[in-house]
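Let's take a friendly look at an enclosed space in a protein model and at the elements around it. Please open the structure beside this report.

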Amino acid sequence: MKRMLSGIKPSGQLTLGNYIGALKNFVNYQNDYEMIVFIANLHCITVPQEPAELRKNLKDAIALYLACGLDPERSTIFLQSDVMEHAQLGFIMCCNTYMGELNRMTQFKDKQVKGETNLSGGLYTYPSLMAADILIYDPDYVPVGEDQKQHVELARDLAARFNNRYGEIFKLPEPLVPTVGKRIMSLSDPTKKMSKSDKGDKGCIYLLDDLNVARKKIMSAVTDNFAKVAFDPINQPGVSNLLEIMSVLSGEPIDSIVKRFENSGYGDFKKAVADVVVAELDKIQTRYRDIIASGEVERVLQEGSEKARKIAYKKLMKVQKKIGIEIR
Ligand code: TYM
């Protein structure tokens, strides 16, 4: 069975973008692949975090993994910092990453361009840690949304460089980006990615949003003056985004939705999108509440980290021997 690995960084609450671009796909893939899925809590602290809020977000994220359908019997689910080998290989990867490569990573560049100050060294080097997260498990595929593809490609480059320098050690992973839903856009500015860093923004739907709030966000989504439901991401980015959201969540192809709403106004169309989104959130939230009450999160993390650690430890030891820092 081929292996897949991915992670989410809950530096805030998980979003509909995380669900459509990543989490929903993890759930589908777990039938056909060996899935390893973790919560990237070390990546969260690359930007300042309030500890109590972070703790809640991490627990919620695991509960949401389960509520969305990840099955701990089939998938290995754990918290990144519970497998300390990630950070150790992270440093080794960092020593094999050129600053020029890190300078080209769009996430750091974007923050710099926006003039954000006091950016941390951790934020700058986080793509090296992400490469370690991936390469330590030798996955065949890494399912991610479009914004993370660049980081998986860096992991691939670093694996190839390592293999060249030290002999075959890492498998070269392939990023797997969905065709529909690879980049869910903000509802208030559909030229920007929907993101959890847009705090208080009407543009971002959180998986734990109150259902009425989520409905309102969809109903007030920015559209255009074309007055025509059509899939045209360049000229009608808002409507196209809603079409993608509806298509992924309902399973109905975009063409068919467009046809159904060809004579409708945006109000009716948005109401239909909101119904689909709210029904999905309702299902997830009901399961989430049961999971939080059950104490299952702690048990899943314990078992998952034990399984992951076995693989990670073996790989780290091999790497350390190859590069000459292990003398036993
Ligand atoms: P993060 O937490 O920003 O995003 C988690 C996943 O959600 C996808 N995603 C989206 N997809 C579509 N539309 C959106 N608006 C949207 N927003 C987010 C992301 O592409 C991603 O797949 N560095 C990573 C976490 C990470 C990781 C890893 C991932 C750490 N180590 C190893 C894979 C493998 C991150 O910050 O993702």
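This report covers the cavity, its lining and one strand that contributes to the lining.

The model is predicted, so to speak of local features takes a pLDDT of at least 70 and side-chain atom pairs count only at pLDDT 80 or more, while totals for chains, interfaces and linings use all residues. Residues are numbered from 1 along each chain as its sequence is written, and side-chain values use heavy atoms, without hydrogens and water.

One cavity of 30 Å³ or more is present. A cavity here is a set of points, on a 1 Å grid over the protein atoms alone, where a 1.4 Å probe fits but cannot get out; lining residues have an atom within 4 Å of a point. The largest cavity holds about 50 Å³, a volume being the space filled by probe spheres set on the points. Its lining includes Pro72, Ile77 and Lys307.

Two elements each give two or more residues to this lining:

| Element | Residues |
|---|---|
| Strand 3 | 75–79 |
| Helix 13 | 296–323 |

Both kinds of element are DSSP runs numbered from the N terminus: helices are H or I with at least four residues, strands E with at least two. Helix 13 provides the largest share of the lining, four residues.

As for strand 3, five of its five residues are buried (under 20% relative accessible area, 1.4 Å probe, protein chains only). Ser75, Ile77 and Leu79 point one way from the strand, and Thr76 and Phe78 the other way. Strand 3 runs parallel to strand 2 (residues 34–39), joined by five bridges; Leu79 is the bridge partner of Ile39.

Definitions and conventions:
On a 1 Å grid over the protein atoms alone, a cavity is a set of points where a 1.4 Å probe fits but cannot get out, and a pocket is an open set with protein on both sides within 12 Å along at least five of seven lines; lining residues have an atom within 4 Å of a point. Buried means under 20% relative accessible area, exposed over 50%, partly exposed in between (1.4 Å probe, protein chains only). Two strands pair if DSSP finds at least two bridges between them.
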